[in-house]
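Me: I've got this model open and I'd like a close look at one part of it, the largest pocket. Could you walk me through what lines it and what sits around it?

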Amino acid sequence: MADGYRIWGAEVSPYSVKVRSYFRYKELAHEWIVRGPDNMEEYKQYSKLPLIPTVVTPDDEGIQDSTPIIEKIEARHPEPSIHPSDPVASFVSALIEEFGDEWGNKWMFHYRWAREADQQSAGKRLAAAMAPGVEGDALQGIVDGIVDRMVNRVWFVGSSEQTAPAIEQSFKDGITRLDAHLATRPFLFGERPAFGDFGLWGQVYNAWTDPTCNEIIEASAPNVVAWIQRMLEPEGTGDFENWADLSPTLEPLLEEQVAALFLPWSDANSRAIAAGSEEFSIELPSGTWTQKPQKYHARSLGKLRNRYQALENTSLLDPVLERTNCLGWLSGS
Ligand SMILES: N[C@@H](CCC(=O)N[C@@H](CS)C(=O)NCC(=O)O)C(=O)O
């Protein structure tokens with residue numbers, strides 16, 4: 001039995017750094033293990049799926065999937081809580097966590113593999129972890145293989161010539177909204193990080209490590225830059241804010257990004273999975289969006305809807321969800 005937790009991950013993996021940021025915030029003893037050839041066999045023993053992060057608990061249980069990982073660890077170590085006590089803020093935090101994981105990932109993944117400079121930058125960092133010590137032409141050969149594989153996989157998250165302008169506009173608009181919101185607070189929900197910070201941050205931080213997104217964020221969003229850096233080793237036990245204080249700058253993000261783009265996309269994706277369709281198309285305000293459905297996201301939308309339906313009293317939450325056009329997508333009405 002080890003003293004602490006072990007996290008298999010990589011700096012280039014948004015879900016891995018999300019979980020690491022959470023462990024750092026909670027001050028839980030852990031070892032960060034960059035998955036590579038030297039530890040692959042051990043990694044496999046604990047991983048049902050070939051994905052990172054994989055967390056191994058002190059009693060030697062392997063757990064995967066960043067959202068359930070955080071939920072499980074939070075149940076074991078509830079203080080300091082990552083869930084605001086204000087019921088509206090608490091649900092919105094979970095909504096933003098899901099938005100970050102699923103839509104923020106489209107931002108990051110699309111930009112990372114769309115342009116030569118980003119492909120090479122990420123390809124080199126991935127290759128360095130996969131083949132430590134390899135240099136020169138041999139390293140470039142690995143980079144080229146990675147880039148080729150990833151560029152041919154961007155359709156998986158819905159990135160294509162058709163959707164590229166919509167994804168890039170969504171990223172820029174989202175960053176602008178986040179910057180305004182973070183102008184007067186260190187974290188999305190107040191003086192300490194919430195569930196929503198971790199999910200969204202993993203993606204935005206990774207985007208920031210890539211040249212094109214780095215330039216956009218650095219040029220236009222100083223408060224987002226400060227938050228990106230703060231969330232690497234988050235600290236803070238101050239209070240979460242009430243919804244009344246958060247709403248003026250968070251509701252525009254909910255309305256323009258979560259309700260107008262992400263939830264209709266997620267609902268259409270989930271219907272396509274249920275119908276066994278090979279492909280789905282949806283009209284978003286940014287234009288037609290066509291892609292192959294993503295099974296994992298249908299499950300996570302189901303979990304978010306269950307979270308909403310399990311709430312005993314939604315009298316404060318519903319007007320906010322209604323006003324921002326999120327309600328119908330969550331309540332099924
Ligand atoms: N839903 C999972 C997604 C994990 C995931 O997609 N991980 C990616 C890296 S960010 C991965 O492991 N891809 C395959 C690989 O790198 O071998 C989570 O939240 O942990």
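Reply: Here is a walk through the pocket, followed by some backbone details and two helix contacts.

One thing to keep in mind is that this is a predicted model. The largest pocket has a volume of about 1,500 Å³. Its lining is made up of 43 residues, and if you want to find the middle of it on screen, go to Tyr-15, Pro-50, Leu-51, Ile-52 and Arg-153, which lie nearest the centre. By class, the lining has 25 nonpolar, seven polar and eleven charged residues.

Now for the elements. Those that give two or more residues to the lining are helices H1 (14-25), H2 (40-46), H4 (87-114), H5 (116-130), H6 (136-151) and H12 (295-309). H4 gives the most, with seven residues.

It helps to place the pocket on the domain map. The protein is divided into domain 1, residues 5-76, and domain 2, which takes in 87-112 plus 157-331. Both domains give residues to the lining of the largest pocket, so the pocket lies between them. The centres of the two domains, taken over C-alpha atoms, are 23 Å apart. Where the domains touch, domain 1 puts in 18 residues and domain 2 puts in 24 residues.

Back to the middle of the pocket for a moment. Ile-52, one of the residues nearest the pocket centre, is joined to Pro-53 by a cis peptide bond, with omega near 10°. Pro-53 itself is in the loop that runs between H2 and strand S3 (54-56). H2 is one of the helices listed for the lining.

There's a second cis bond to look at, between Glu-79 and Pro-80, with omega about -10°. Pro-80 is in the loop between helix H3 (66-76) and H4, and H4 is the helix that gives the most to the pocket lining. One more backbone detail involves H1, another of the lining helices: Glu-27, in the loop between H1 and strand S2 (30-34), has a positive phi of about 55° although it isn't a glycine. These details are worth pointing out because most residues other than glycine have a negative phi, and most peptide bonds are trans.

Finally, have a look at two helix contacts that share H10. The axes of H7 (residues 164-181) and H10 (residues 222-232) come within 7 Å and cross at roughly 80°, which means that H7 is roughly perpendicular to H10. On the H7 side the contact uses Ile-175, Leu-178 and Asp-179, and on the H10 side Pro-222, Asn-223 and Val-224. Sorted by class, that contact has four nonpolar residues, one polar and one charged.

H10 also packs with H9 (residues 211-220), at an angle of about 115° and with the axes 6 Å apart. Here H9 brings Ile-217, Glu-218 and Ser-220, while H10 brings Pro-222, Val-224, Val-225 and Ile-228. That contact divides into five nonpolar, one polar and one charged residues.

Notes:
Residues numbered from 1 in each chain as written. Predicted model: local features only at pLDDT ≥ 70, side-chain atom pairs only at ≥ 80, totals over all residues. Heavy atoms only, no water. 1 Å grid on protein atoms, 1.4 Å probe; cavity = no way out; pocket = protein on both sides within 12 Å on 5 of 7 lines; lining within 4 Å. Points joined across faces, edges and corners; volume = space filled by probe spheres on them. Helix = DSSP H or I, 4+ residues; strand = E, 2+ residues; numbered from the N terminus. Nonpolar A, V, L, I, M, F, W, Y, C, P; charged D, E, K, R; others polar. Domains from an automatic or database assignment. Axes fitted to C-alpha atoms, helices over the stretch in contact; angles between N-to-C directions. Parallel < 35°, antiparallel > 145°, perpendicular 65-115°, else oblique. Contact = heavy atoms within 4.5 Å.
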